[in-house]
Amino acid sequence: MLLSPRSRSALAPVLAVLWIGTGLAVWSQGSQQKLSQKNVQSVSTRGKQTFVSTCGGCHGLDGRGGERAPNIVENSKVQRLSNPQIAHIIENGVPGTGMPAFHSLARPDVQAVVTYLRSLQGTKRTLKLPGDPARGETVFFGKAECSGCHMVSGKGGFIASDLSAYANTHAVEQIRSAIISPAPGRDRQVRLVTATTHGGEKYVGRIRNEDNFSLQLQALDGKFYFVAKSDLESLEPSSQTLMHSDYGSTLRPDELNDIVSYLMKVANASGRATPKKVDEWEE
């Protein structure tokens, strides 16, 4: 349908208004996006600067602990604290510990520190799973026998570390490397030892408690043994190991990726259940 010159003349102002309105809308949307990005960047910068100047002296610039304060990045108890709980600790401190109150910090600065701490913990990262977490769970509790020592989400063994939140603070390659090339434990409390008494009895397990006169061993079956040091003939690293060293050959690459994906999914799904005590910050 063709429009007459008069009709075209009448429509021109309307079209101009619509064109200007559309342009303004696009410009406004772009400006809002830029402003939002700028605000996020500003909060991130503020959080890092405040963390370094306020928290870094004790907890370390990377939050992984110093001479005067614990690791608050990899500590699973701190990871489970809610954002309001962390903000409360920053503002009010923890009575009876070395954690002071920072009443001088404005609320936006406190929130910025919390956000920055979460970024250090890696909880805001969205990573593509390298494998299938469902298959990984099957391998973890089956072929690889990881659950014989490690616990995940309340299931599995307890002689080794709980891996429920492990992937929150470790990258994909770090997790895979820890499986196929486990680092030898330097601390006797994180490796197996063989305690031999003067009577010839031998106990193999992890040292759970030790003082100047005795030690407490936990065997692989979960039993605890109390041994007086005066009764010890020797205490040596055990030939047995908690962690298999042949996963690089006994597990296929896709099975390794599946286990990594399982641990990543569990860590992401675990969230941050609210602990009963906020003083876990200092444990």
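The points below go through a predicted model of a single chain, from its overall make-up to individual residues.

1. Overall make-up. The chain has 283 residues, of which 36% are buried, and its secondary structure consists of 9 helices and 7 strands. Its accessible surface amounts to about 17300 Å², with carbon and sulfur atoms contributing 55% of that area. If one takes the contacts between residues at least 6 apart in sequence, 58% of them link residues that are at least 24 apart.

2. The sheet. Five strands form an open sheet in the order E6-E5-E4-E3-E7, and the pairing is antiparallel. The edge positions are taken by strand E6 (224–228) and strand E7 (232–237), and because each of these has a single partner strand, one side of each is left without a neighbour in the sheet. From one strand to the next, the twist averages 45°. In general, the strands of a sheet pair through backbone hydrogen bonds, in either a parallel or an antiparallel manner.

3. The pairing of E5 with E6. Strand E5, which spans residues 214–219, runs antiparallel to E6 and is joined to it by 5 bridges. Within this pairing, Leu215 has Val227 of E6 as its bridge partner.

4. Helix H6 and its cap. Helix H6 covers residues 133–141, and its buried residues are Pro133, Gly136, Val139 and Phe140. Viewed down the axis of H6, these buried residues fall within an arc of 110°, so they line one face of the helix. An α-helix has 3.6 residues a turn, so residues three or four places apart point the same way. At the N-terminal end of H6, Asp132 acts as a cap, with a side-chain oxygen placed 2.8 Å from the backbone nitrogen of Ala134.

5. Helix H7 and Arg176. In helix H7 (residues 172–180), the buried residues are Val172, Ile175, Arg176 and Ile179. Around the axis they cover an arc of only 95°, which puts them on the same side of H7. Which of its relations in space deserve a look in the case of Arg176, a residue of helix H7? Arg176 has a relative accessible area of 16%, and it counts as buried because the cut-off for that class is under 20%. Its side chain makes a polar contact of 2.4 Å with the side chain of Asn257. When residues up to four places away in sequence are set aside, Arg176 touches Pro130, Asn257 and Val260.

6. Asn75 in a loop. Asn75 belongs to the loop between helix H2 (56–59) and helix H3 (76–80). With a relative accessible area of 17%, Asn75 is buried, and its side chain reaches the backbone nitrogen of Lys77 at 2.8 Å.

7. The surroundings of Glu91. Two residues, Arg107 and Ala101, may be read together here, since Glu91 is a contact of Ala101 and has a side-chain polar contact of 2.7 Å with Arg107. Arg107 lies in helix H5 (residues 107–121) and is partly exposed, with a relative accessible area of 49%. Although Arg107 and Glu91 are 16 residues apart in sequence, their C-alpha atoms are 8.6 Å apart in space. Ala101 is placed in the loop between helix H4 (83–92) and H5, and it too is partly exposed, at a relative accessible area of 33%. The C-alpha atoms of Ala101 and Glu91 are separated by 5.3 Å, with their positions 10 residues apart along the chain. Apart from neighbours within four places in sequence, the contacts of Ala101 are Ile90, Glu91, Asn92 and Gly93.

8. Positive phi values. Most residues other than glycine have a negative phi. Which phi value does Glu145, not a glycine, have? Glu145 has a positive phi of about 60°; this residue is found in the loop between H6 and strand E1 (151–152) and counts as exposed, at 51% relative accessibility. Ser153, likewise a residue other than glycine, has a positive phi near 55°, and its place is in the loop between E1 and strand E2 (155–156).

How values were computed
Residues are numbered from 1 along each chain as its sequence is written. This is a predicted model: local features need pLDDT of at least 70, side-chain atom pairs count only at pLDDT 80 or more; totals for chains, interfaces and linings use all residues. Side-chain values use heavy atoms; hydrogens and water are left out. Buried means under 20% relative accessible area, exposed over 50%, partly exposed in between (1.4 Å probe, protein chains only). Helices (H or I, at least four residues) and strands (E, at least two) are DSSP runs, numbered from the N terminus. The arc is that of the directions from the helix axis to the C-beta atoms. Contact means heavy atoms within 4.5 Å. Accessible areas come from the Shrake-Rupley method with a 1.4 Å probe; for residues, only the protein chains shown count as cover. Two strands pair if DSSP finds at least two bridges between them. Axes are lines fitted to C-alpha atoms, for helices over the stretch in contact, and angles run from 0 to 180 degrees between N-to-C directions. A polar contact is a pair of N or O atoms within 3.5 Å; within protein, one must be able to donate a hydrogen and the other to accept it, and residues adjacent in sequence count only if both atoms are side-chain atoms.
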